[in-house]
Amino acid sequence: MRNSVFVLFLGILVSLTSCRKDFDTTPSNGNLAFSKTTVYLDTVFSNISSSTYMLKVYNQSNKDINIPSIKLAKPDSKYRLMVDGMTGEGGNGRYFPNVELLAKDSLFIFIETTVNIADANPTDFLYTDEIEFASTSGVQKVNLVTLIQDAVFLYPAKDDQGVKEKLLLGLDENGDEVYVNGFELDSADPIHGDEFHFTKDKPYVIYGFAGIPAGKELVIDPGARVHFHAQSGIVVKPGGSIKVGEGWTPPTDPDLNPLENEVVFEGDRLEPGFAETPGQWFAVWMLDGSAANLNHLVLKNATVGMLIEKATATITNSQFYNCANVGILGREATMVTGSNLVVNYAGQACVASISGGNYDFRHCTFNNNWGSPDQVAVSMSNYEEDANGNKTSFPLTSLFKNSIIYGSNNIEVYLNNIETSEVLVNTFDHCLIKFKDVGTVLANDPKYNLIRQQIRNQDPKFQFFNLNPLLILEGSPAIGTGVYDPTVPKDILDRDRPNPNPDIGAYQYISD
């Protein structure tokens with residue numbers, strides 16, 4: 001009986017102890033340790049919220065302590081804190097009194113900011129503050145630093161009822177209007193002035209689709225930076241056009257800043273963790289009857305880099321990287337001309353046609369190491385298939401000259417063609433191609449005969465294929481095995497190509 005009573009008493013004691021929510025503490029003596037002494041919140045655009053960053057705080061003592069206060073030094077700070085799930089006094093994330101911390105334990109502080117360029121230091125555009133941890137021996141501090149970048153923000157307007165502007169794409173097969181979230185650029189916008197001229201003075205941030213209407217041309221100067229929010233892009237409507245990089249000059253110091261005068265299209269997440277993340281925005285979308293002239297453009301991290309539908313595009317000295325689906329996708333493209341063009345990494349294909357079209361690629365480098373067994377570097381198709389399996393063919397002509405077509409799979413060129421009365425010509429001239437067809441269903445397919453006559457299955461020896469620029473190294477089979485093409489006398493880095501035997505691909509090899 002006595003044992004039963006003792007067990008019952010012990011059980012009640014344990015229960016009371018485990019339910020206890022407070023504990024005896026001593027004031028912090030300033031012996032806290034931190035995972036970082038300075039938290040860098042990377043670069044953010046003016047008035048756009050940052051990502052969330054973490055700081056870990058350690059109680060190194062053998063005593064449970066009470067931190068009298070955790071607070072931001074500036075009373076009107078643009079930073080926001082969350083301390084172990086608490087939003088602070090008043091819920092504004094700036095002041096946290098009497099924070100308790102167990103012996104040898106830690107707590108998490110999550111940090112965000114939304115700050116205007118006017119709040120930053122005018123000389124270096126840094127916005128700074130400190131997290132202060134009070135103690136009996138003084139104040140411990142952790143620095144907060146954010147680089148603020150001013151920008152031109154372009155987005156759909158809202159009417160008096162709060163309804164957001166839509167962009168008309170055209171009519172569907174039933175004659176109904178098709179809209180997307182977007183807006184048309186304005187030559188006399190009350191805030192930005194002429195929106196059809198992007199300069200390098202400030203970055204541009206686009207929300208939704210920026211439309212270029214008939215009769216208008218968007219001109220983007222060398223060195224300009226254009227950032228796209230998720231599911232955003234540029235739509236060039238019938239009769240509209242886009243011109244990029246005209247008047248380009250070589251960079252002042254190509255080793256220090258090789259992209260100084262390149263135009264860059266990428267997402268609006270500036271943190272290093274998003275620098276090479278595919279699918280952050282949608283595409284440059286060329287509609288029927290539109291035109292593009294792109295020079296020295298670096299396009300990265302899109303879903304589809306360029307979607308060209310019954311349109312004309314000339315792309316020179318440009319680089320497309322990390323597209324979630326396709327780098328350049330043509331659908332009945334009127335004419336796509338590419339020279340000194342590099343496309344690296346794409347979920348399905350670096351370059352692809354569906355429903356035919358006309359394509360001319362010279363001194364290009366297409367490499368795909370995406371990691372999927374279904375990806376290829378080049379895919380050319382001359383038909384489309386409806387839901388019932390009916391195939392409709394279209395004319396298709398393609399030329400690949402002095403180009404590298406390579407990747408991690410055995411087959412990096414796929415000719416998805418059906419024989420029809422339509423024009424069908426796929427030409428490969430002095431190319432280096434990955435096409436290991438032994439033991440495949442393509443081994444005896446006659447439409448691949450011309451590919452088999454190229455330099456096949458030899459490693460082009462890219463310098464750093466996983467870092468995107470696809471320069472070739474000494475000993476590459478691409479060196480000196482091309483045929484001189486007077487239409488492309490210089491390489492992508494503006495270096496002369498020798499005559500008669502230049503290197504294959506966008507880059508000419510130069511020995512040290």
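## Cores, a hairpin and two pockets

The largest nonpolar core here has 63 residues, and Ile 220, Ile 242, Phe 265, Met 306 and Phe 366 have the most contacts inside it. Strand β27 (residues 326–346) chips in the largest share of this core, with 5 residues. Keep in mind that this is a predicted model. Below is a quick tour of the cores, one well-covered strand and the two largest pockets.

**Nonpolar cores**

- As background, nonpolar side chains in soluble globular proteins tend to be buried together.
- Met 306 is a handy residue to click on, as one of those with the most contacts inside the largest core.
- Leaving aside residues up to four places away in sequence, Met 306 touches Val 284, Met 286, Ala 292, Leu 294, Ala 313, Ile 315, Phe 320, Gly 327, Ile 328 and Leu 329.
- There's also a second, separate core, this one of 30 residues, with Leu 32, Leu 41, Leu 72 and Leu 144 among them.

**Strand β9 and its partners**

- Strand β9 (residues 126–135) is mostly covered, with 7 of its 10 residues buried.
- Strand β5 (residues 65–72) runs antiparallel to β9, and 3 bridges join the two.
- If you want to find that pairing on screen, look for Lys 71, whose bridge partner in β9 is Glu 132.
- β9 also pairs with strand β10 (residues 138–149), again in the antiparallel sense, over 10 bridges.
- Here the pair to look for is Glu 130 and its bridge partner in β10, Asn 143.
- β9 and β10 make a hairpin, with 2 residues between them.

**The largest pocket**

- The largest pocket holds about 1100 Å³ of space.
- Its lining takes in 43 residues, and Pro 258, Leu 259, Glu 260, Glu 262 and Val 298 lie nearest the centre.
- Several strands help out: β18 (225–228), β21 (263–267), β24 (297–300) and β26 (312–323) each supply at least two residues of the lining of the largest pocket.
- Sorted by class, this lining has 20 nonpolar, 11 polar and 12 charged residues.

**The second largest pocket**

- The second largest pocket has a volume of about 340 Å³.
- It is lined by 13 residues, and those closest to its centre are Leu 169, Gly 170, Leu 171, Leu 287 and Glu 309.
- Strand β12 (residues 166–171) gives the most to this lining, with 3 residues.
- By class, the lining of the second largest pocket splits into 6 nonpolar, 1 polar and 6 charged residues.

How values were computed:
Residues are numbered from 1 along each chain as its sequence is written. This is a predicted model: local features need pLDDT of at least 70, side-chain atom pairs count only at pLDDT 80 or more; totals for chains, interfaces and linings use all residues. Side-chain values use heavy atoms; hydrogens and water are left out. A nonpolar core is a set of buried Ala, Val, Leu, Ile, Met, Phe, Trp, Tyr and Cys residues joined through side-chain atoms within 4.5 Å. Buried means under 20% relative accessible area, exposed over 50%, partly exposed in between (1.4 Å probe, protein chains only). Helices (H or I, at least four residues) and strands (E, at least two) are DSSP runs, numbered from the N terminus. Contact means heavy atoms within 4.5 Å. Two strands pair if DSSP finds at least two bridges between them. On a 1 Å grid over the protein atoms alone, a cavity is a set of points where a 1.4 Å probe fits but cannot get out, and a pocket is an open set with protein on both sides within 12 Å along at least five of seven lines; lining residues have an atom within 4 Å of a point. Grid points are joined across faces, edges and corners, and a volume is the space filled by probe spheres set on the points. Ala, Val, Leu, Ile, Met, Phe, Trp, Tyr, Cys and Pro count as nonpolar, Asp, Glu, Lys and Arg as charged, and the others, Gly among them, as polar.
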